[in-house]
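User: I have a new structure open and would like to learn how to read it. Could you walk me through it, feature by feature?

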Amino acid sequence: MDERTPTLLSRLFKRAIVWLYKRHGWSAIGEVPKDRRFVLVAAPHTSNWDFLYFIGLCHELGMQPHFMAKKSLFRWPWKNFLLDMGGVPVDRSTKKDYVAQMVDIFSKRSEFMLTIAPEGTRSNVKQWKTGFYHIAKAANVPIVVGMMDYGKKTGGLLESFEVSGDYNADMAILEKHYKSVTPKHPDKAMTSIVDIK
């Protein structure tokens with residue numbers, strides 16, 4: 001596990017986000033798996049507010065999630081801030097694709113909760129990006145269903161399951177949970193994720 005002393009900026013930012021999260025009446029549900037090595041699917045992702053409330057619920061659940069970002073962003077003055085927030089640099093100039101890079105990190109850490117929004121954008125999308133699935137399968141770690149429900153003002157972790165290799169069967173597990181979740185902008189959310197590769 002990587003241990004860092006948070007910067008003043010990241011500490012202040014997190015405090016502000018946690019205050020906002022509580023002020024708006026959100027609460028977290030679910031529990032963090034005992035084995036803190038997994039791919040956390042964050043969906044549906046239709047607003048920038050998703051990230052802010054997600055930081056708040058992670059604080060409430062006592063977890064430090066990580067996210068991928070291109071390596072070029074990790075430079076002064078943002079490098080330490082991004083690292084403190086859980087950012088993981090992805091080097092696009094190397095022969096290893098980002099899936100292989102994340103698998104390498106999983107193999108070296110005893111705790112690594114990689115958060116991925118499969119939609120990849122807050123705009124309307126017709127299909128999910130499948131990188132999260134390939135990472136979980138190659139790293140031999142489970143997928144955890146993460147969500148933000150704006151109807152109930154709850155967010156958190158739902159089911160955790162091992163990747164079976166049957167993509168559509170595994171997507172059906174995700175879909176059954178997300179059908180009852182209300183995103184910030186329902187018109188931007190996908191209606192189905194099964195039968196999409």
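Analyst: We will go from the whole chain to single residues, bearing in mind that this is a predicted model.

User: Let's start with the overall layout. How many helices and strands does the protein chain have?

Analyst: A good habit is to list the elements and then follow their order. The protein chain here has six helices and seven strands. Starting at the N terminus, they run α-β-β-α-β-α-β-α-β-α-β-β-α.

User: How do I read burial for the chain, and what percentage of its residues count as buried?

Analyst: Burial rests on relative accessible area: a residue under 20% is called buried, and one over 50% is called exposed. In this chain of 197 residues, 47% count as buried. The surface can be read too: about 10800 Å² is exposed, and carbon and sulfur atoms supply 53% of that area.

User: And what share of the contacts join residues at least 24 apart in sequence?

Analyst: Here we look at contacts between residues at least 6 apart in sequence, and 70% of these join residues at least 24 apart.

User: Now pockets. What is the volume of the largest pocket, and which residues lie nearest its centre?

Analyst: With a pocket, ask about its volume first and its lining next. The largest pocket has a volume of about 1000 Å³, and 36 residues line it. Nearest its centre lie F67, M68, T115, I116 and A117.

User: Which elements give two or more residues to that lining?

Analyst: They are the strands β2 (37–42), β3 (65–70), β5 (112–116) and β6 (143–149), together with the helices α2 (49–61) and α5 (131–139). The largest share, six residues, comes from β3. Sorted by class, the lining of the largest pocket holds 21 nonpolar, ten polar and five charged residues.

User: Let's zoom in on one residue. Is S10 buried or exposed?

Analyst: For a single residue, combine its place, its accessibility and its contacts. S10 sits in helix α1 (residues 8–23). S10 counts as buried because its relative accessible area is 1%, and the cut-off for buried is under 20%. Its side chain makes a polar contact with the side chain of D84, at 3.1 Å. Setting aside neighbours within four places in sequence, S10 is in contact with F81, D84 and M85.

User: I have heard of cis peptide bonds. Where should I look for them here?

Analyst: Check the omega angle of the bond. One cis peptide bond joins A43 and P44, with omega about -15 degrees, and P44 is placed in the loop between β2 and α2. Another runs from W76 to P77, where omega is near 10 degrees. P77 belongs to the loop between β3 and α3 (79–84).

User: What about phi: what is its value for N140, and for K153?

Analyst: Look at the sign of the angle, and check whether the residue is a glycine. N140 is not a glycine, and its phi is positive, near 60 degrees. N140 lies in the loop between α5 and β6. K153, also not a glycine, has a positive phi of about 55 degrees, and is found in the loop between β6 and β7 (154–161).

User: Why does N140 count as exposed but K153 as partly exposed?

Analyst: Use the cut-offs again. N140 counts as exposed because its relative accessibility is 63%, and exposed means over 50%. K153 counts as partly exposed because its value is 38%, which falls between the 20% and 50% cut-offs.

Key:
Residues numbered from 1 in each chain as written. Predicted model: local features only at pLDDT ≥ 70, side-chain atom pairs only at ≥ 80, totals over all residues. Heavy atoms only, no water. 1 Å grid on protein atoms, 1.4 Å probe; cavity = no way out; pocket = protein on both sides within 12 Å on 5 of 7 lines; lining within 4 Å. Points joined across faces, edges and corners; volume = space filled by probe spheres on them. Helix = DSSP H or I, 4+ residues; strand = E, 2+ residues; numbered from the N terminus. Nonpolar A, V, L, I, M, F, W, Y, C, P; charged D, E, K, R; others polar. Buried < 20%, exposed > 50% of the residue type's maximum accessible area, 1.4 Å probe, protein only. Polar contact = N/O pair within 3.5 Å; in protein donor to acceptor, adjacent residues only side chain to side chain. Contact = heavy atoms within 4.5 Å. Areas by Shrake-Rupley, 256 points an atom, 1.4 Å probe, with all protein chains shown as cover.
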